[in-house]
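Visitor: Please choose one part of this structure and take me through it slowly. I would like to see how a helix packs against its neighbour and what comes before and after it.

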Amino acid sequence: MRTGIRTTARPGARSDARAAFADSLSVGFGFVPLGLAFGALAAQAGLDWWWAGLSAALVYGGSFEFLLIGMVTAAAPLASVAGTALMVQLRHVFYPLSFPLHRVEGRLARAYSTFTLSDEAYALAAAERARSWSGRRIVRLQSFLHLYWAGGAVAGALLGSLIPEGVTGLEFALTALFAVLALDAVRDRGRDLSTPVLALLSALAARLFFPGQLLLVAFALFVAALLARRLATTGAGPSRA
């Protein structure tokens, strides 16, 4: 008679991984060229190739990492680096309010999901079509995006000398990616234009009155507008007799 150790089967793990990979491809097409541009810029600034990979893996800050290249090469004070990181990344404070982190099981998985909560991961996982996604699928999606960014950065740093300096426009991949994600979000929510209109008005007001602190003020105005709309909608509901 044969004896053995039973292993717990996880039939949904592979399907979650395949689904997460498919979900990540649309963002990956923007992350890879953007990571290449970041790595090439780091190499052209005189930084070692491993610096780009280490920054992409441990900082994982997107636009902040582009600013970090100049700050590192200029030997900027640590306080300036911390202040810049706070201003640029402050928007992430609002993401956990609607990101489905409660579906992620395990402290380690939650810690990693929190660390890799990028703009693009939020846009995908907080969308209407993602309501049925499991925690495993969300974490795998984030790990694929993390890999795209770090891998692109390393490849860009190693191949930076082969990319002509006159090549421009790679950084626009992130802007185009955000535009596509925004359009998808509008479609998922029944073509409700009130939210993008509020975001546009918040950005214009911040640009007009607080151009030096555009991002912070725009987010604050947008959150205030969303809260005001929520209160107005709740207050306008039918009252109970």
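Guide: Start with a term: a crossing of two helices is right-handed if the near helix is turned clockwise from the far one by less than a right angle, and left-handed if the turn is anticlockwise. The model you see is predicted, and the part to look at is α3, residues 63-73. The crossing of α3 with α4 is right-handed. Their axes come within 10 Å and cross at roughly 160°. Angles over 145 degrees count as roughly antiparallel, so α3 is roughly antiparallel to α4.

Now the residues of this contact. On the side of α3 they are Ser-63, Phe-64, Leu-67, Leu-68 and Met-71. From α4, which spans 78-89, come Ser-80, Val-81, Thr-84, Ala-85, Val-88 and Gln-89. Sorted by class, the contact of α3 with α4 has seven nonpolar and four polar residues, and no charged ones. An α-helix has 3.6 residues a turn, so residues three or four places apart point the same way. Keep that in mind when you read the numbers on the α3 side, among them Phe-64, Leu-68 and Met-71.

Burial adds to the picture. Phe-64, Leu-68 and Met-71 of α3 are buried, and these residues also help to make the contact with α4. Glu-65 and Ile-69 in α3 are buried too.

Next, the loops on either side of α3. Ahead of the helix, Tyr-60 lies in the loop between α2 (49-58) and α3. Tyr-60 is not a glycine, yet its phi is positive, about 50°. Is Tyr-60 buried or exposed? Its relative accessible area is 10%, and the cut-off for buried is under 20%, so Tyr-60 is buried. After the helix comes Ala-75, again with a positive phi, near 55°. Ala-75 is in the loop between α3 and α4 and is likewise a residue other than glycine. Its relative accessibility is 63%, and exposed means over 50%, so Ala-75 counts as exposed.

For a second helix pair, turn to α5 (residues 107-115) and α7 (residues 135-158), whose axes come within 10 Å and cross at roughly 45°. That makes α5 oblique to α7, and the crossing is left-handed. Here Ala-109, Tyr-112, Ser-113 and Phe-115 of α5 meet Val-139, Gln-142, Ser-143 and His-146 of α7. This contact is made up of four nonpolar, four polar and no charged residues.

Finally, the setting. The protein has 10 helices and zero strands, and 32% of its 241 residues count as buried. Of the contacts between residues at least 6 apart in sequence, 75% join residues at least 24 apart. The mean pLDDT is 81, with 80% of residues at 70 or more. Residues 1-9 have a pLDDT below 50, and in the model this stretch has zero contacts beyond near neighbours in sequence.

Terms used
Residues numbered from 1 in each chain as written. Predicted model: local features only at pLDDT ≥ 70, side-chain atom pairs only at ≥ 80, totals over all residues. Heavy atoms only, no water. Axes fitted to C-alpha atoms, helices over the stretch in contact; angles between N-to-C directions. Helix = DSSP H or I, 4+ residues; strand = E, 2+ residues; numbered from the N terminus. Parallel < 35°, antiparallel > 145°, perpendicular 65-115°, else oblique. Contact = heavy atoms within 4.5 Å. Nonpolar A, V, L, I, M, F, W, Y, C, P; charged D, E, K, R; others polar. pLDDT = per-residue confidence, 0-100. Buried < 20%, exposed > 50% of the residue type's maximum accessible area, 1.4 Å probe, protein only.
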